[in-house]
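Here is a friendly walk through some local features of a protein model. Please have the sequence and the 3D view open as you read.

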Amino acid sequence: MKIAVLTSGGDSAGMNAVVRSVVKIGILRQVSVLAQGCETYIVREGYEGLVRGNTQEYVPYHEILADPSATQTTRRGAQTNLFENLRFGDGGLLRDGTSDHPSGRSLKGRYIVRVGFDDVRGWFAEGGTLIGTARSKAFRTPEGRASAAYNLIKEGIDALVVCGGDGSLTGADVFRAEWPSLLESLHAQGKITPEQLAKHGHLRIVGLVGSIDNDMSLTDMTIGAPTALQRICEAIDNINSTAASHSRAFVLEVMGRHCGWLALLAGVSGGADFIFIPECPPEANPWENYMCETIQRHRQIGKRKTIVIVAEGAHDANLQPIRVDYVKDVLTERLGLDTRVTTLGHTQRGGKPCALDRTLPTLQGVEAVNALLEATPDTPSYMIGVRENKITRVPLMEAVAMTKAVADAIAAKDFAKATSLRDPEFLQSLENFFTTSTLYTEKQLPETQVSYSILHKSIPSDRLIGAPAGGMNAATRAAVRYCIKQGHTPLAVHNGFRGLLDDNIHELSWLGVDGWTARGGSELGTNRTLPDVDLGAVASRFQEHSLNALMLIGGFEAFNALLILDNARKLYPSFNIPMVHLPATISNNVPLTEFSLGSDTSLNALVDACDSIKQSASASRNRVFVVETQGGKCGYIATMGALAVCILFFFRLVLYEDVHWISVWNDQTGASLVYTPEQGMELDSLRDDVKFLKMRYGLDAKGKSEGRLVIRNECASTVYTTDVITKMFKEEGGALFDSRSASLGHTLQGGVPSPMDRARATRLSLRCMSFLEDHHARLQAQPGRVKIAPEESAAVITIQGSSLEWVPVQAMVRHADMKNRRGKTVWWAGVKDLVEALAGRSELLGG
């Protein structure tokens, strides 16, 4: 099978990751028992490239290998599809932007270009789309689509991956529907043979959504949206300091013509005072009064800065556009604020992709190839989407129809319907924004006041590397503002249970936590001390401060602390209060939950570091860097980081085998290295790693080797340390490659929290507050003075699939490996095999 991939419409970060994934997986994927792998092509300039086709012939590419003998070592000399499709010589032209350069090798006159495994190496670290995109007027005509069909048939291609917005995907589905009639017409004109007509009678198409607006229905996230959000939040963080310095107001315009996701999430993550989005215009009329009243309340309590975010498609309840310049004039004239306007424009599209825009598009590319291979004339065209961390297939036109229904609802002024048609988190994020940004003049509940206590717990490993996680402060800010809104008293406990015993407790204020969303680390401090250091004294402090509820923010240590407190309820009545654990740890090692606060921030820190390290390695041409990461005895950071930075292979302690996804992949690529706690790292496996490195460098073009990375979890082995592996590679590399090491250490814990961690922290924290409030009311409803808290009132909030689930801490124990401080099963286990397959290790070494 021959597969082509194109990018269309507006560019977005992550498109290159899609192209890379489709090309590599297409080459590796076993088509049938008799056919091994596919031929892969890219289409330059989107649909316009299909219409133009190839007017120039491919010029064969010849190169001298760094070690010609390497061809005899791949699968013991047997030819593999990877080796046959290693390079076709045009990858560098596409990456360097010299594809149409008139001198030397050129792609001029060639728009449907065959590419090999190494031709797309390293692409997913690049922003935009290296293969180009264009809005084609010609493709919108029947004649243009006929030309596109002819150009594909001429190259023998009848499988197409399209990455673009709803317009691009609609065009793909129309193309597929017309395909039989287009081929009949071409055959009648004598442009294709009867054999071509019979062979290519069915066009396989699959769509992936590339859009920074996150405006497609039936998927939680579109490709490019996380990176665009990160650019916006970076701008807001930078503006905040100058706004506070001059006590100014800033009005920011962000993209989002028909969808307010960017403005909404930026408002939640950046701590904005007011937002305007298409789906939910201000209900107040005139809205100017409502906005000014909201901002004036903030200013009256001493807030020095004001941030208003306006989506470019914002309008009022009568669909009249709301422009940033007008908002500026209102703030200046009515409130007397020194106001500035900042339009972020195309800076939101640019720059390298964040970690999420590397991993998700890669996994979506895998599913796109699978969908093409399984497609029949009777199956619909599929769109590859994502629900939380699960890759999904949905009928393409269903998603397009629902997306258009949002625009129709807005046009009909049915804004409730418009918000309901967005993904499930959209409306919840909108409510979260109002909760955390509005200073209410009256408490929202008339019931008895509740005293909430908030503790940050550190997450130590066996090497005591535990520390704060990105998002802890955002979670605290959300909890404090919810408490104040509801009329409760938020008490902060500094330095964990040690601080509680030292009576280091004080009440937090609405303004005092205002700037906490963008702060890394933990403003309250963390401590590894568990409550059983002195349960009696801890209970006494609970009683002394009349605590009615407790929220623990931390990792496995916080889970352990909650378990200790729950077990002690029968001995200490003051522990009979609602208690909740919000997982926050870069290790992502809390059982059952698929994500913890801080893990996304840590992945982004790892990606940034590894991009810099790989740049150094590539400058040296033949250098392998062994990069050591944190994570304790949980391999999440090493595994997902490896997927995001294009490593050769990696060493980690944990890999579980009871996830169905892994078995599907192994059937296609053969065995990969698996380091489990029982097996550990073996000398035989390391010998294979050295063999693979020699083979891989030997297959590089002479003088054009690239630097490569190996990622090692710090606890992968006590014998085969980072230093030992580095020295081994250096000794065995000989003239082919050198080796160096780099330990990322605590850099993975620090820095500004990612927007995804901030938004997730707000969402989870507010759910925790609702949980505590609900269980407090139930407890108070019990007859008598003595209250007995039920087991379910001490729980952990977990992300499972697309929903939030409360799990009693006693039930969590059954899913926890208490000795190794991690869950017994994890959703990301099979990713290791994919990482090594994308590096070519499985294919070249064989089973």
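Leucine 319 sits in the loop between strand 8 (306-311) and helix 11 (324-335); helices (H or I, at least four residues) and strands (E, at least two) are DSSP runs, numbered from the N terminus. Although leucine 319 is not a glycine, it has a positive phi of about 70°. Its relative accessible area of 30% makes leucine 319 partly exposed; buried means under 20% relative accessible area, exposed over 50%, and partly exposed in between (1.4 Å probe, protein chains only).

A word on the source: this is a predicted model, in which local features need pLDDT of at least 70 and side-chain atom pairs count only at pLDDT 80 or more, while totals for chains, interfaces and linings use all residues. Residues are numbered from 1 along each chain as its sequence is written, and side-chain values use heavy atoms, with hydrogens and water left out.

**Other backbone features in loops**

Lysine 413 also has a positive phi, of about 65°, although it is not a glycine. You will find lysine 413 in the loop between helix 13 (396-411) and helix 14 (415-420), and with a relative accessible area of 43% it is partly exposed. Where is the cis peptide bond? It joins asparagine 285 and proline 286, with omega at about 5°. Proline 286 belongs to the loop between strand 7 (274-276) and helix 10 (287-300).

**An open sheet**

Strand 7 and strand 8 bring us to an open sheet of four strands, which has the order 7-8-6-9 with parallel pairing. Two strands pair if DSSP finds at least two bridges between them. Strand 7 and strand 9 are the edge strands, each pairing on one side only, and the twist averages 15° from one strand to the next. Strand 6 (residues 249-254) pairs with strand 8 in the parallel sense over six bridges. Valine 251 has valine 308 in strand 8 as its bridge partner.

**Salt bridges**

How many salt bridges does the structure hold? There are 47, where a salt bridge is a side-chain nitrogen of Lys or Arg within 4 Å of a carboxyl oxygen of Asp or Glu. Here are three of them.

| Acidic residue | Basic residue | Closest N to O distance |
|---|---|---|
| Glutamate 48 | Arginine 52 | 3.3 Å |
| Aspartate 611 | Lysine 352 | 3.4 Å |
| Aspartate 700 | Arginine 708 | 2.9 Å |

Glutamate 48 and arginine 52 are four residues apart in helix 2 (residues 46-52), so about one helical turn separates them. Glutamate 48 is buried, at 18% relative accessible area, whereas arginine 52 is partly exposed, at 43%.

The salt bridge of aspartate 611 with lysine 352 has a longer reach along the chain: aspartate 611 lies in helix 20 (residues 599-619) and lysine 352 in the loop between strand 9 (339-343) and helix 12 (356-374), so the pair ties together parts that are 259 residues apart in sequence. Lysine 352 is partly exposed, with a relative accessible area of 35%.

Are the partners in the salt bridge of arginine 708 with aspartate 700 buried or exposed? Arginine 708 is buried, with a relative accessible area of 6%, and aspartate 700 is buried too, at 0%. Salt bridges with shared partners join Glu63, Arg87, Asp118, Arg121, Arg696, Asp700, Glu706 and Arg708 into one network.

**Two packed helices**

Helix 8 (residues 225-246) packs with helix 25 (residues 755-780) at an angle of about 85°, and their axes are 9 Å apart. Axes are lines fitted to C-alpha atoms, for helices over the stretch in contact, and angles run from 0 to 180 degrees between N-to-C directions. Helix 8 and helix 25 are therefore roughly perpendicular to each other; angles under 35 degrees count as roughly parallel, over 145 as roughly antiparallel, 65 to 115 as roughly perpendicular and the rest as oblique. On the helix 8 side, the contact is made by Leu229, Gln230, Cys233 and Asp237, and on the helix 25 side by Pro755, Met756 and Arg758. Contact means heavy atoms within 4.5 Å. Four of these residues are nonpolar, one is polar and two are charged. Here Ala, Val, Leu, Ile, Met, Phe, Trp, Tyr, Cys and Pro count as nonpolar, Asp, Glu, Lys and Arg as charged, and the others, Gly among them, as polar.

**Around aspartate 11**

Aspartate 11 lies in the loop between strand 1 (2-7) and helix 1 (15-28), and at 24% relative accessibility it counts as partly exposed. Leaving aside neighbours within four places in sequence, aspartate 11 is in contact with Gly128, Thr129, Thr133, Ile212 and Arg349. From aspartate 11 to leucine 603 there are 592 residues in sequence and 24 Å in space, C-alpha to C-alpha.
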